[in-house]
Amino acid sequence: KRLAVFVSGGGSNFRAIHEAALSGVVIGDVVALVTDKPGDRDAFSLQLFGFARWGFDVVEWIDAGCGGAEHARDNGIPVVVFPKSKSAPEGISADELLNALRELRVDFILLAGYLKLIPIELVQTYPKSILNIHPSLLPAFGGKGYYGLKVHKAVIASGARYSGPTVHFVDEHYDTGRTLAQRVVPVLPNDTPEQLATRVLHEEHQVYVEAVAALCEDRIVWREDGVPLIKSQT
Ligand code: GRF
């Protein structure tokens with residue numbers, strides 16, 4: 001199967017999936033990286049440092065950088081810039097994105113820290129074929145505004161004892177599509193958001209690779225009530 005991964009940030013999930021595809025754990029090829037932030041990490045951090053001086057809350061963005069695009073370029077994976085914006089004037093329109101994905105014969109779309117809502121046309125063109133990973137146990141701590149360290153800060157502030165990543169199918173809203181897989185990690189009494197994020201991210205790489213492997217091997221069954229289940233490998 002042919003995979004397109006959408007990334008805005010560091011790209012560690014993208015790298016985990018790419019490595020799994022190279023090693024054969026995932027039977028598929030990563031044929032494109034789609035990003036709204038194509039610039040390199042250093043330039044991007046500098047640009048945001050300028051903003052930070054004016055008091056915007058951008059600390060986690062600075063940490064995120066643009067590692068995904070760097071990794072794609074280093075590995076000869078085509079980088080598609082979407083959408084067009086001030087910081088990415090070389091970007092393309094939604095129609096052009098659909099054409100590009102068609103030309104690349106993409107079967108599945110994997111969102112991995114892509115911060116923008118994807119165009120509705122994409123959701124309609126790729127039914128049951130778009131996954132996202134979110135760093136909390138959805139439906140808790142999901143939706144617009146819950147991204148990056150904000151999720152982990154909210155989990156800690158709530159007093160929840162457990163957290164963990166959710167892999168879900170994508171619909172036209174943020175974080176509301178059907179859950180495909182989850183992993184649980186403890187929230188420890190003195191956790192900082194960064195510590196919890198690291199613990200969750202470690203599980204993200206594993207659960208996303210497992211879910212993508214199942215998708216590529218056609219091991220997802222849809223229960224009558226619309227719940228997707230992963231069949232184990234025989
Ligand atoms: C992850 O925490 C993911 O759950 C969220 O964005 C983050 C992306 O991390 N959607 P990375 O860019 O894959 O390192």
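Two strands pair if DSSP finds at least two bridges between them. Keep that in mind for the exercises below, which work through a predicted model.

**Exercise 1. Work out how strand 1 (residues 2-7) is tied to strand 2 (residues 29-35) and to strand 4 (residues 108-111).**

Start with strand 2. Strand 1 and strand 2 run parallel, and six bridges join them. For a concrete spot to look at, take Val5: its bridge partner in strand 2 is Leu33.

Now turn to strand 4. Strand 1 pairs with strand 4 over four bridges, again in the parallel sense. Here the residue to pick is Phe6, which stands opposite Leu111 in strand 4.

**Exercise 2. Carry on from strand 4 to strand 5 (130-134), then give the strand order of the sheet.**

Strand 4 and strand 5 are parallel too, with three bridges between them. Leu110 marks the place, since DSSP-style pairing gives Leu131 in strand 5 as its bridge partner.

Next, lay out the sheet. Seven strands make an open sheet, and the order reads 3-2-1-4-5-7-8. The pairing is mixed. Strand 3 (79-81) and strand 8 (179-182) are the edge strands, each pairing on one side only. From one strand to the next, the twist averages 20°.

**Exercise 3. Describe how helix 1 (residues 12-23) and helix 8 (residues 193-216) cross, and say which residues meet there.**

First, the geometry. Two packed helices are described by the angle between their axes and the distance between the axes. For helix 1 and helix 8, the axes come within 9 Å and cross at roughly 45°.

Second, put a name to that angle. Angles under 35 degrees count as roughly parallel and 65 to 115 as roughly perpendicular. Helix 1 and helix 8 are therefore oblique to each other. Their crossing is right-handed.

Third, the residues. Helix 1 brings Ser12, Asn13, Ala16, Ile17 and Ala20. From helix 8 come Leu201, Glu204, His205, Tyr208, Val209 and Val212. Sorted by class, this contact has seven nonpolar, three polar and one charged residues.

**Exercise 4. Which residues are closest to the ligand, and which elements give two or more residues to the shell around it?**

Begin with the count: 15 residues surround the ligand. The closest are Gly10, Ser12, Asn13, Gly113 and Pro135. Helix 1, strand 5 and helix 8 are the elements that give two or more residues to the shell. Helix 1 has the largest share, with three residues.

Then sort the shell by class. Seven of its residues are nonpolar, seven are polar and one is charged.

Notice a link to the previous exercise: Ser12 and Asn13 are among the residues closest to the ligand, and both also take part in the contact of helix 1 with helix 8.

**Exercise 5. Where are the cis peptide bonds at Pro83 and Pro139, and what is odd about the phi of Phe141?**

Take Pro83 to begin. A cis bond joins Phe82 to Pro83, with omega about -5°. Pro83 sits in the loop between strand 3 and helix 5 (94-103).

Move on to Pro139. The bond from Leu138 to Pro139 is cis as well, and its omega is near 10°. Look for Pro139 in the loop between strand 5 and helix 7 (149-158).

Finally, Phe141. Its phi is positive, about 55°, although Phe141 is not a glycine. Phe141 lies in the loop between strand 5 and helix 7, where Pro139 is also found.

Note on methods: Residues are numbered from 1 along each chain as its sequence is written. This is a predicted model: local features need pLDDT of at least 70, side-chain atom pairs count only at pLDDT 80 or more; totals for chains, interfaces and linings use all residues. Axes are lines fitted to C-alpha atoms, for helices over the stretch in contact, and angles run from 0 to 180 degrees between N-to-C directions. Angles under 35 degrees count as roughly parallel, over 145 as roughly antiparallel, 65 to 115 as roughly perpendicular and the rest as oblique. A crossing is left-handed if the near helix is turned anticlockwise from the far one by less than a right angle, and right-handed if clockwise. Two residues are in contact if their C-beta atoms, placed from the backbone, lie within 7 Å. Ala, Val, Leu, Ile, Met, Phe, Trp, Tyr, Cys and Pro count as nonpolar, Asp, Glu, Lys and Arg as charged, and the others, Gly among them, as polar. A residue is near a molecule or strand if its C-beta atom, placed from the backbone, lies within 6 Å of it.
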